[in-house]
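This report looks at how two pairs of helices pack and at what surrounds a bound ligand.

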Amino acid sequence: MNESRQKILDRLRTVSREEGGWLQRRVDKRAWSEEEKVQRFAECMSAVRAEVYRTSEVSWVKDLQRILKSKGAHNLLYAPVKPHGKLLLEDFSSSGIELLPYDLEVERWKRRLFEEMDASITGCRGAIAETGSLILWPDEEEPRLLSLIPPIHCVLLPAEQIYSTFSEAVDIQGWVEGMPTNALLISGPSKSADIAQVLAYGVHGPKSLVVLIIP
Amino acid sequence: MSGEFHDSVVKALGDDALRQHLRRAMDSLIEKRLAVFPDQDALQALRRYGMAIRGNALSKLPQLLERFEARCEENGVHVHWAETTDEANKIVFEILQSNDVKRLVKGKSMVSEEMGLNHFLEDKGIECLESDLGEFIIQLAGETPSHIVMPALHKSKQEIAELFHEKFPDIPYSDDVDELTAVARGILREKFMQADAGISGVNFLIAETGTLCLVENEGNGRMSTTVPRLHIAVTGIEKVVEKLADVPPLLSLLTRSATGQPITTYFNMIKGPRQPGEKDGPQEVHLVLLDNGRSRIFADEELQATLRCIRCGACINHCPIYTRLGGHAYGTVYPGPIGSILEPQKEGLERLGELAEASTLCGACGEVCPVRIPIPKLLNRLRWEGVRQDGTGETSGQGRRRKHSESLAWKGWSSLASRPVLYRIAVKSACRFRRLLPQQLGPWTHVRKAPEIAEKPLRELVEVQGFTDE
Ligand code: SF4
């Protein structure tokens, strides 16, 4: 095995070429105002059937309840230790929607996760206006599968954290300094056009993606 | 053309339904791509940037691979190197065996197709289930992908409906795309839960951070790399880029060129296995780096451009040959223009050199390629490699496509063309005896009239008009 490594690298090394010092890297960004970014983000998201709501610091919990009810969700998977998780806990008891914390390792409740969860909520690390993408860095409290298994995924997005491009987000947030085990861009609900080029939603991941923008 | 290739071409051309289906599919892909590149200047600038990023990475390939490997080890990802597909298959099998894996799910990976991984593992008693919807369909049908981005592109909705009905007789027949998708979702969710391992491909490797990047729409790639306790990624050694900053422009070029999407639903960047305190993600992550002829392609300065490819499939979508044949007629893992430059180099010119000949050199592929691979030029170069006799090229099978009759004909032509008197006599006699030319010229005249030779040579016609040699 190590032998193959050596052989491959040796073969590559025998070819001496001038190293590309000629690559001029650039950060691609747009001079959009916050409002322009919110609008562009919402347009892109709507184009792929994600739902975008403009809400507020005080009303998002109520808005979320209303949206989930209209979709017939009976429960909501969430991260209890996050600040938004604490807010939910204060205010969800009367809604009739059961709050379920993601507080066990996946192996211990895989079947329940797959079969019983209707919806989930996560925060995010910002978004990208140009392509309509949410940036998620799952962590100990908000594990990776929160944004993948439940059929409805809701995301809280502070408007000031929308960047114009991916390139700008990587640059300003300093991603090179330390990325998590898994970083994600999510740009709509799961979809496929593999059957006769007809677009179908909700293939393996969430069928609906709900974004709550908070000014 | 060889017997096998010839037969599959004839068969494909005779399939009117397939041709209509492909034409429609390609027209819509071409239109979608145009719509997401509204600004021509911006597109050309981005293509030049993409080419520079990939060119830069290749110019330091060995260093970047070592840097990437070192980062991976820091991040807890195990890196394996394989010279051949056999070796890669064995490595994957050993990892699976030591983890006692019986069932696995796969995300889409063309490199795993190159390896023939499914067959290899199934022979060893491991269940491999393709989870990308298109791959799932062709696995059910016992076929291979006909396109590198849309593997089941050749199948109509009705064919898929019938296939599902045949394979899952308990589920009521439907040819509604949403219902078919729901059937697949139900079956595959169960499999994601049960799988002991997930196998995926990779779109980009980042040397600077040791990150594996995966591009997808469905979420099956995320499922395969997150739910099972073991994740194995397989990819080619050319996929590495130097810096994280190189990824956004390449991602934009990739998704827009491939399907006309500004971005795919998921862009999944994997740094390593589950950390203490984390509640999901695989406990072990392995990466197999496959050479399989790539380092030989790397050795030729011109042909090295082949390795810039980011597998977007745009060259395929714009190819008049592919649109008439579909992917299966090529008989290779990678079809279309990219396949016609990659496969002959990988598998040797004696076996697949004819793919480089099956092209009109119309240039569409080179014009759309997001990393500006001069595909037509490389096709021409491979034609030459196939007949060159000096024995100094790097490509395997060089000179093996030389045919005695052809080289004799060209020799005759060149000696004729370099002797003015003889040349004039030949041209004159061709004009004089033009009626003796047969009217039936094999397959050429099945659908066309035989060409007619003019009464007088061009030179004389021009002289009559008052032009001189100067
Ligand atoms: S050769 Fe160019 S156009 Fe074809 S798949 Fe590769 S990157 Fe895309």
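Helix axes are taken here as lines fitted to C-alpha atoms over the stretch in contact, and the angle between two of them runs from 0 to 180 degrees between N-to-C directions. The model is a predicted one, and within it two helix pairs of chain B can be described in these terms, as set out below.

| Helix pair | Residues | Angle | Axis distance |
|---|---|---|---|
| α8(B) and α9(B) | 133-141 and 157-167 | about 60° | 10 Å |
| α3(B) and α12(B) | 40-59 and 247-259 | about 120° | 10 Å |

With an angle of about 60° between them, helix α8(B) is therefore oblique to α9(B), and α8(B) passes α9(B) in a left-handed crossing. For the other pair the angle is about 120°, so that α3(B) is likewise oblique to α12(B), and here too the crossing of α3(B) past α12(B) is left-handed.

Turning to the ligand, which residues surround it? The shell includes the cysteines B:C309, B:C312, B:C315 and B:C369, together with B:I310, B:R311, B:G313, B:I338, B:P370, B:V371, B:I373 and B:I375. By class, this shell has ten nonpolar residues, one polar residue and one charged residue, and since Arg counts as charged and Gly as polar, the last two are B:R311 and B:G313. The space that the ligand takes is the second largest cavity.

Technical notes. Residues are numbered from 1 along each chain as its sequence is written. Chains are lettered from A and ligands numbered from 1 in the order in which they are written. This is a predicted model: local features need pLDDT of at least 70, side-chain atom pairs count only at pLDDT 80 or more; totals for chains, interfaces and linings use all residues. Side-chain values use heavy atoms; hydrogens and water are left out. A residue is near a molecule or strand if one of its heavy atoms lies within 4 Å of it. On a 1 Å grid over the protein atoms alone, a cavity is a set of points where a 1.4 Å probe fits but cannot get out, and a pocket is an open set with protein on both sides within 12 Å along at least five of seven lines; lining residues have an atom within 4 Å of a point. A molecule sits in a cavity or pocket if more than half of its atoms lie within 2 Å of its grid points. Helices (H or I, at least four residues) and strands (E, at least two) are DSSP runs, numbered from the N terminus. Angles under 35 degrees count as roughly parallel, over 145 as roughly antiparallel, 65 to 115 as roughly perpendicular and the rest as oblique. A crossing is left-handed if the near helix is turned anticlockwise from the far one by less than a right angle, and right-handed if clockwise.
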